[in-house]
Every structure is written in C-alpha cells, then in structure tokens.
There are 2 protein chains.
Amino acid sequence: MNGRVYSNWLAPWRHDINLSPSSWAGDFSAGLVVTLMLIPQSLAYAILAGLPAHLGLYASVLPLIGYAVFGRSPALAVGPVAIASVMTFNALQSFASPASPEWIAGAIFLAFASGAMLFLAGLLRLGFLAALLSHPVMSGFISGASVVIILGQLQTLLGVRLQGDSVATQVSSLFQRFSGVHLPTLGVGLVSAALLLLARRYASSSFARFGLRGLLHELLTKASPLLIIGLMALSLWFFDLSDQVATVGAVPSGLPGLSFALPDASGVTALLSSALLIALVGFVESVSMARTIGRRCGVVTDPNAELRGLGAANLLSGASGAFPVTGGLSRSVVNLEAGARTPMAGVISAAFMIIVLLGLADMLSVIPLASLAALIVVSVASLFDGRVFLDALRFDRADALGWLATFTGVLVLGVEQGIAIGVMLSVANVLWRQSRPHMAVIGRLAGTEHFRNVQRHQVETLTNVVFVRVDANLFFGNWDYIADFLEGRARRLTSGGVLVLNLSSVSDIDTTAIEGLEALSVKLKSQGARLVFAELKGPVADKLLRSHFFNDSVVYLSCHEAFEALRQRNGQGLA
Amino acid sequence: MNGRVYSNWLAPWRHDINLSPSSWAGDFSAGLVVTLMLIPQSLAYAILAGLPAHLGLYASVLPLIGYAVFGRSPALAVGPVAIASVMTFNALQSFASPASPEWIAGAIFLAFASGAMLFLAGLLRLGFLAALLSHPVMSGFISGASVVIILGQLQTLLGVRLQGDSVATQVSSLFQRFSGVHLPTLGVGLVSAALLLLARRYASSSFARFGLRGLLHELLTKASPLLIIGLMALSLWFFDLSDQVATVGAVPSGLPGLSFALPDASGVTALLSSALLIALVGFVESVSMARTIGRRCGVVTDPNAELRGLGAANLLSGASGAFPVTGGLSRSVVNLEAGARTPMAGVISAAFMIIVLLGLADMLSVIPLASLAALIVVSVASLFDGRVFLDALRFDRADALGWLATFTGVLVLGVEQGIAIGVMLSVANVLWRQSRPHMAVIGRLAGTEHFRNVQRHQVETLTNVVFVRVDANLFFGNWDYIADFLEGRARRLTSGGVLVLNLSSVSDIDTTAIEGLEALSVKLKSQGARLVFAELKGPVADKLLRSHFFNDSVVYLSCHEAFEALRQRNGQGLA
C-alpha cells in the first residue's frame, strides 16, 4: 500500500470544495434536517428488517461517522434504507424467527460480512464492478422490491398475518383474511398514510404561507413525518386506543455498546452469499447516487472511496449490534438541498442522533407500528419506477428485457433470485457488447497519408496486401471474433502476400490474443505470406516483444510507411 | 424462429468442405481409429465418474450421432472425457455413494440438465458466453483438475482408499497407508503405465520400422492402449492373479435402452448448478477445440451450432442412461489427423461402438481396473499445462493471476469452487477492460479536414469549443468513465461554449448512456453552453431521436463541418 492511497483514505475532506464557514453552516443545518427524517425512517426500516425498532437508531450513529472518515461524497446520507432492510429480512427468513436473538445475530453478521466485503473491495480498487448491475436492471430490482415491501407492510397496516412466501400466495391470502382486519390498526395506518401524503404535497408551501423561511421552514417541512407520527401517538392516548393498537414498545435508553455477537458457524456460509448481494446492491445504488451528487457539486466521484466508506459504515453498524446500511436516496437529496457539502454533515447527523438516544428514547416507545408501516409504504411507493422500463423499450430492447426479467424475478422467485438474474443479464450484456469489436479493411486516401475503411471511402489498395485496423484492445473476450475476421482475410492471400495489422487503437493485449497472433503468423507463413504490424503503441510492443514469434516480425511506424515499402519491394503499382 | 436459423440446425454437412469420395474414406478410417481409442477411454472415464464401466460405452453411441446431426465441427470427437467425468464425480459426492442407483440417476440428471442448458443456449445464440472463461483460467482449471484426477487414481493403482476431500489430506493419508498397498494391483498399474508411456513414444515409429504404412499403421498405433490393456488382462489370467486384482466385471451385452430414471426432486436443485458448470466447461473447451480444427480446415466455427451439437449429445447421453459428455482433446486431434472432415466420422465411430456393445462386451469384463487407472493417469498427465502460466507471467499478470487462482482454488477448495473462482476472475477481467474506453480531445490538422488527438499532434482548436472523440460503444459498463471525462471538459466551457461529441466510432448506445447524455446536455445548458454531435452513425441517431432532449440538438455531418460552422458563427479566429 503506497503513501498516496493511504493518505486518500484518511483525507475525506481534502477535495475540491471550498471549506468556507458557510460550508460548515450548510453541513450543520443539513445534518439536523437529515436527523429529523432519520428518526422515523430508521425505526421503520429496522422493523422492515424484522428487528427491534431501536436498532434503527443504533445504525444511525457510528455508521455515519465511519462513512465520514472513509467516504468522500459531499452529501451521500448513509443509514438504514428500505432495500437493504428487506434484503436482510429475506436473507434471515430461513435462518431464524424475526426479532429472536438468532435473527439479531444474523443481521449483525450480515452487516459485518457485507462491510468487510465492501471495504476489501475498496482496498483492491474493485469499483469498476459497479457494471455488474446496469441501470435498468437496478431499476427493475428496486421496483420489484418496492412491491414486495408494500405487500409486507399491508400485514402491519391491516393487523393480519399473510400466508406464503411468494407475492401471489400473499395476495390471495390477503383476500381470504380480509374479514379478520383489525379496524383500529387499519384506521391509524390509513390516517397516517393520508397525512404523510398531504404533508409531502403541501407542507413546504403551507409553512411558506405562514411566513416561515430559511432553516426553520426547511426543518419543519422535513420534520413533518416525525410530527405526524407523534400526532398519531398522541391520538392513541387521546382516543384510549393504546391497548388495542401495537406500538414500538420499550426502547432502551443510552448508546449502543460495541457488540460482536455472531451466529454459529453452520449458518454463516449460507449468509455469505446474501451479504455479497446486499453489499453489491448497496454499492451500486450508493455510487450512482454519489455520482449524481458529485456532478451537481463539481466533484469527481471515486467509486473505490465510496466502497471504503460504505464498508466502514457497515462494519461499525455490525459493531453497534445493528444491520446493513447504505446510502439512502431521499435523505441524500434532502442532505444536498439543505446545504451539505462535506461528509461532516453525516457526523452532525450522528451527533443529533446521540442526543435522541440519550434523551428522547422513552418518547419513541409510544409510536404506533401502523404509522411506521404507513411511512414505509409512502416512502417506498416512490421507488417504483416504470418510466425506466418505458424509456428502455424505446431505446434498447435488451435494457427493457433486463428491467422486466429482474422485476418479474423478484416478484415470482424472490428478492435474492431476482437480483441474481439481474447480475447474470448485466454480465451477459457486457460480454455480448465487447465480443463484437469494430474492424475495418482500410486503404489509402489518394494523395494523402490517411487510411480509411475501404467500404466507405474511395481508397488505394495493393494487390495481395491487406491492411486491417482493429478498433478495440485485443483480449480473450473478443479475440475469437477478431481471429475469424483476420483468418477470413488471410485465406485470400497467396505466396508473397502480406497482412498489415494496424494496431493504432490497441492499447492493451492479453495472453490469449498474443498466442492467437502467433498462430495466425504461423498460418500465414505456411501459405508463404507474412503478418506485419503498423502503428504499434509502446505497451503493446513491449508485451509482443516477450512472445516467441514477434522477433522475426516486421513493424512499420505508420500504415503509410508500410504502404510505400510494400509497393516498392513488390514492384507493384496501385491495385 | 426464422427459417434461416432452422435450416442451419439440420444442415450439419452444409459447410465449405468438399464432400468428395475421399472425404468419406477419411471419415470412415478416422471413425474406426477413434473407436479404438474410445473403447478403453470410455470405460476408464465412466469409472472416473464413479459409474459402472459399461456406461462409458453407452455414452459413446447416441451422443456421437446427436452431435453429428446438430454440431458442425469437421473433426470434434464427442464422448466421455476426463474433466467432465471428474466434475460429475464431484457433483454427486454429497448426493449418494458411487455406483449406487441414486448415483447413476444423478449422473443421468446431470447429462439431461447440462444437455438442455447447452441446447437452449444454442437456440438463444448465447455462444458469446464463451468469454465467461478466459484461456489462462481454463488452463489453470484443467491443470488443477488433472492433479485431482491423478491423485484419485492413485487409490485404484495402490489398492488403498485415501481419506479426506481436500488434496492435502489425501496426500497425508497416502503416506500413512503406504504399508497397506496391494502389491499385485500396484504391479499391474505400474507395468500398464510403463507400457502406455513407451507405446506413446515409440509405437508409431516401431510399426513404421516393421514396414507398416497408411491406415493399418494408424490403426495399430492408436489401438496400442487397447492392446496393452488386453495384454494386461491376459497376464492376470496367465499369472493366476484374477482373484487378487480387481477387474471391470460383468458388462451387460447389447445396446442401451432409452432411460428416463431421474433423482427425486429434493436433490435436483442442488445438482442444477453443477450441471451448469459442467455445461460451461464442456462448451468452452469444445468450442476452443472446434475453432482450432476449423482454422486448420478453413471452416468458420459457429459457437451456437457447437452449443446445439453438445446439447443434443448430452440429452442423448442422458437418454442412454449415461453421464455428461463433451468434445475430447486427444481424440479430436487424432480424428482430424486420421482424416475426419465431416461430423459423419462420429456416426462411423458410433456404428463401430455398436458392434463392440453387441459382440465384444464379455471380453471387456476381464480388464483390470488398475490398467484403466494407469490409462487415466497417462492421458490426464498431459493436460497439466504450466507453460500457459509461464507465458502469462511474461505477457499479462492478470492472466497469470487467473491461472494460479483457479489452479489453487481447484486444489484447495474443490473442483466446482475452482471453476467458480475462474468465472468470477474472467468476468472481472472483462468488466475492468471495458470500463476504460479510449477517448481523446481532438483538433484539426492544419490545412486538412482530418481531426487528431491534441496530445499527439499539432492541431488547430477553437476557443470555448471542445471536440471529443469516444472510441467505444456507449453503454452502462463504460458510461461513468466517459461521463467523468466529458464533465471534466464541459466544466471549463463558459457561456456560448460548445462541446462537440464525435461519435464516428460509436455504433451502439444504450439507455444508461442516452439518459447520461441528456443529463450532460441539461448541465451544459445551465452553463449557457451547448452539446452538439458530429459523425453520427444511423443506428445511434435512430435511438437518440427517440429520446427527450435530442430534438433540439444540432448534428453536424463531420467534425470539419462543425469546425467551420462554429468558427464563422462565433466570429472566432483559430485559438
């Protein structure tokens, strides 16, 4: 590990942004606004993960500080999010029963394991692996997961328990059990949902009409979900429904102790693949959010720094006894708009959360679960994004297929199977695209030193000489296709013929391609013809020099030089 | 499914090869020679897969005909091979005990499942997925598997049973049990191995010295393993060792009945991933062999036809009650050299195998197992290929790492884990390579209409105008990298500035890139600058026309046209 990389890790604030006092003020107010959103959301997403609500608060302290130390996005807001929580729930489903000590130990293990994977991937500079999931596939996955989440929350909202794992059996079970609906719970849920929707639509403009402006306006607007949920808790007490409607219940006061409880070894291997998928989805989603933020702020996003930041956040979430966290979409947008310009905003947010844990934990115990379920449904509904599918239908059918297959996979086969399908489709997409590089037989534009595609330009050629230009790095993924093309041209050469390979666009070449070029050179020799090179770049020439065949090969600086040399040596006129 | 594809399936002989009478003679003699090699090999590889030896013969009839109907390689010799057999053994290890009815049912299922996957992949034209395994990774896998196979055969050769799954425990167990070695078995094995090695080295030249030439010479040379194994069987009888040394035992006479015995549903899902890996390895190995053959014969290899051929072969192997088959390396080389020029050679081979099954099955029962083990060791030892690793060390360290990690993975973690590591490394390699496309800021060569990289040529530029050329198709796998580059250039433009994107090398664009271009266009507008296009190809323009932003965009036919227009409109001189 060299010094440069090391200094990069620990210098999260050393980026292009002006660290004026106003940037600290921005970070401070953004941190406060995000905490107000984070309180109800973190409780809700812990419950979504099948965990005691207060673990959501635990996942909102140290992880934010961990990201601030190692991550570099000016405004990515890390913490509990809906997608990671539903993936945690799914991973643990066959492992233990929700909220049991084994379940909690499993969630902690998922946080540790995905954190270790992310951090290690960051050290190994594997950020390029974000291409394992294309944008349409990710959108299909999130849209499918949002349907799964909403259906899961209907249980809490209706006060019934649905049967079955798949979406289809759950929906049919919903209709069968409709008579068993618990009306007070449903009432709390519906009123909460209605108020949350109204607040999202009108809170900002209403507060403005009351003359509020600046930070206070921003705070009240973003605190409206928290206020609504507090209002619902008050109503329970007012209408004497506290015994009938389930609430969050006792929230331990104080800070999380560092915890290292882990499940026994037998279950661990099964959870590793789940941890890998949670890490992958969290990373792809966060880095795409970080890029959006980075472009708005004029900062280049380093995916490897994001990997290290998310890794540290998850390791510290595990150490806090909590569950996987990642960058949240809605909170990051709010963070950016509220003025966050350095990861310090996350530290401010964590500091406010510590105050909540120390002082206000008791008050949170009376929050009705149905209100949190309503908050999840309202938040998650906006994650469903069919527009991406419709756009993809217009632009690129492979993308549309990727969206639809992943979406359907999540609903029919399950969350993890859905994302596995998405990864396979994305990888197949990449392999297919790179397996067909552009190649051209080229000739000289009369009177110039320029060479162009013979199919598109009037050019000069030489008899029994073929100039080919390959417009891609040569490697195992495209070599077969290139070799078929070159063999096809080489076959027509007779004794004395020359195949000139213009490698001006080639900046790298691997073992498979070098061995293939050697085979081609041998083949040409057996016909009495030759393989020669033109416009080799330095690194490619270096590698070729280490091969067996290259020492006898002729290399021309340019196609023009090759053209003139071959014309004179063969005594040929132009063909 | 259109008519052209359909006619391709059923026209295996419709390729560029001249079907003269001499080609039929070549196919006939090649078919006979291959059968003589196939008899002992197929018995040995069935035993390697933990199956009764005669199932190897069953796997050498219908599968060869299936390949001949759907496959198109002139000389690929399909049938039982060492790698697929050891993968079958590994897949079934935790499933049943070798040679039990459940084990056989599992092997049949693996053949059916991998056959169905291969055939379907052929119909879906997924041949490009061969890039899931690079050549060095495949070589590392085969080298590792050859060590595993040889160590496994030591049990049969020494007449002891080794403990443990991993290579390390087996080797230590070997030393502990050395005193228990069964000497007659060891003697038969060692003598067989010595004779096989001598025959490989000297059989051809010795027979030539006795004046043999042409087909008879070829037949006797290639039959020498069969003759040596027959000789060992005779010696057992002569030295009265038949009771002490294990033999193949009763081989049922007659042809395989069509069988559809399958394991019960509980085990099936676990076997599906094994079937996928067997199919993948078999395909990559066969298609690389088929390409080598194709280039020697001047025939273009269609990976999708090979997928269908291998798929049909495995489906028919399952239907024969046998196990996964694929293209064999050594037999294919012999097949080609013995004159095979169409898949008809495989049909001839199958016909000879039917004669063996009908008439000679009884004679095969006396073959000593130790001789077959010696044959496996001698054949498989040549699969170990450290030269690829050494070459890769010289050319490309990522390739060397791929070889070593896969090889080590097979030995330390197991066969399936090793190939899984190989797939992951190959995919990571592809993703990494395509994530960094070549891009250049370009300018005009003075006095010409040609544009070149500003870093490498003296060129003319315009103030507040940037020309950028991207040398790769735009898609999700490289878009982030491209976007970072473009944003970096765009940021320096002031009001009235223009970013000219030369897409002359771009022949495809996906949803992610189109959405990204739209975001870039909006960003530029907010600065008072503009995004314009030059040298758009038809398909790219068609896709862009369906997007939201493109209708207002200016498109120039060439960079030169854009250069002149922008110079005049801005009233600028040259920068």
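This is a tour of a two-chain model, one selection at a time.

The model is predicted: local features need pLDDT of at least 70, side-chain atom pairs count only at pLDDT 80 or more, and totals for chains, interfaces and linings use all residues. Residues are numbered from 1 along each chain as its sequence is written, while chains are lettered from A and ligands numbered from 1 in the order in which they are written.

**Stop 1: chain A**

Select chain A, which has 23 helices and 8 strands. Helices (H or I, at least four residues) and strands (E, at least two) are DSSP runs, numbered from the N terminus. The C-alpha trace of chain A spans about 105 × 60 × 50 Å along its principal axes. Chain A has 575 residues, of which 54% count as buried; a residue is buried if 20 or more other C-beta atoms, placed from the backbone, lie within 10 Å of its own.

**Stop 2: both chains**

Show chain B as well. A turn of 180° and a shift of 0.0 Å along the axis lay chain A on chain B with an RMSD of 0.0 Å. That is the relation of a two-fold axis. The superposition is by least squares on the C-alpha atoms of residues with pLDDT of at least 70 in both copies.

Now select the interface. 45 residues of chain A are in contact with 46 residues of chain B; contact means that the C-beta atoms of two residues, placed from the backbone, lie within 7 Å. Helix 19 of chain A gives the largest share of the side of chain A that touches chain B, 7 residues. 100% of the interface residues of chain A are also interface residues in chain B, so the copies meet through the same surface.

**Stop 3: helix 18 of chain A**

Select residues 397–412 of chain A, which form helix 18. At 1.5 Å a residue (1.5 Å times one less than the number of residues), its 16 residues should span 22 Å, and the end C-alpha atoms are 22 Å apart, which agrees.

Colour the buried residues of this helix, among them W403(A), F407(A) and V410(A). Their cover includes helix 7, helix 17 and helix 19 of chain A, together with helix 21 (511–526) of chain B. Just after helix 18 of chain A, G414(A) takes a positive phi of about 130°.

**Stop 4: the sheet of chain A**

Select the 6 strands of chain A that form an open sheet in the order 4-3-5-6-7-8, with mixed pairing. Strand 4 (451–453) and strand 8 (555–556) of chain A stand at the edges, each with a single partner strand, so one side of each is left without a neighbour in the sheet. Two strands pair if DSSP finds at least two bridges between them. Strand 5 (residues 465–470) and strand 6 (residues 498–502) of chain A run parallel, joined by 5 bridges. One pair to pick out is V466(A) and its bridge partner L499(A).

**Stop 5: strand 7 of chain B**

Select residues 498–502 of chain B, which are strand 7 and have 5 of 5 residues buried. V498(B), V500(B) and N502(B) point one way, and L499(B) and L501(B) the other way.

Add strand 6 (residues 465–470) of chain B, which pairs with strand 7 of chain B in the parallel sense over 5 bridges. The chain crosses from strand 6 through helix 20 (residues 476–490) to strand 7 of chain B in a right-handed β-α-β crossover. Right-handed means that, with the strands pointing away from the viewer, the path from the first strand over the helix to the second runs clockwise.

Last, add strand 8 (residues 530–534) of chain B, which runs parallel to strand 7 of chain B and is joined to it by 5 bridges. Here N502(B) has A534(B) as its bridge partner.

Terms used. A residue is buried if 20 or more other C-beta atoms lie within 10 Å of its own, exposed if 12 or fewer, and partly exposed in between; C-beta atoms are placed from the backbone.
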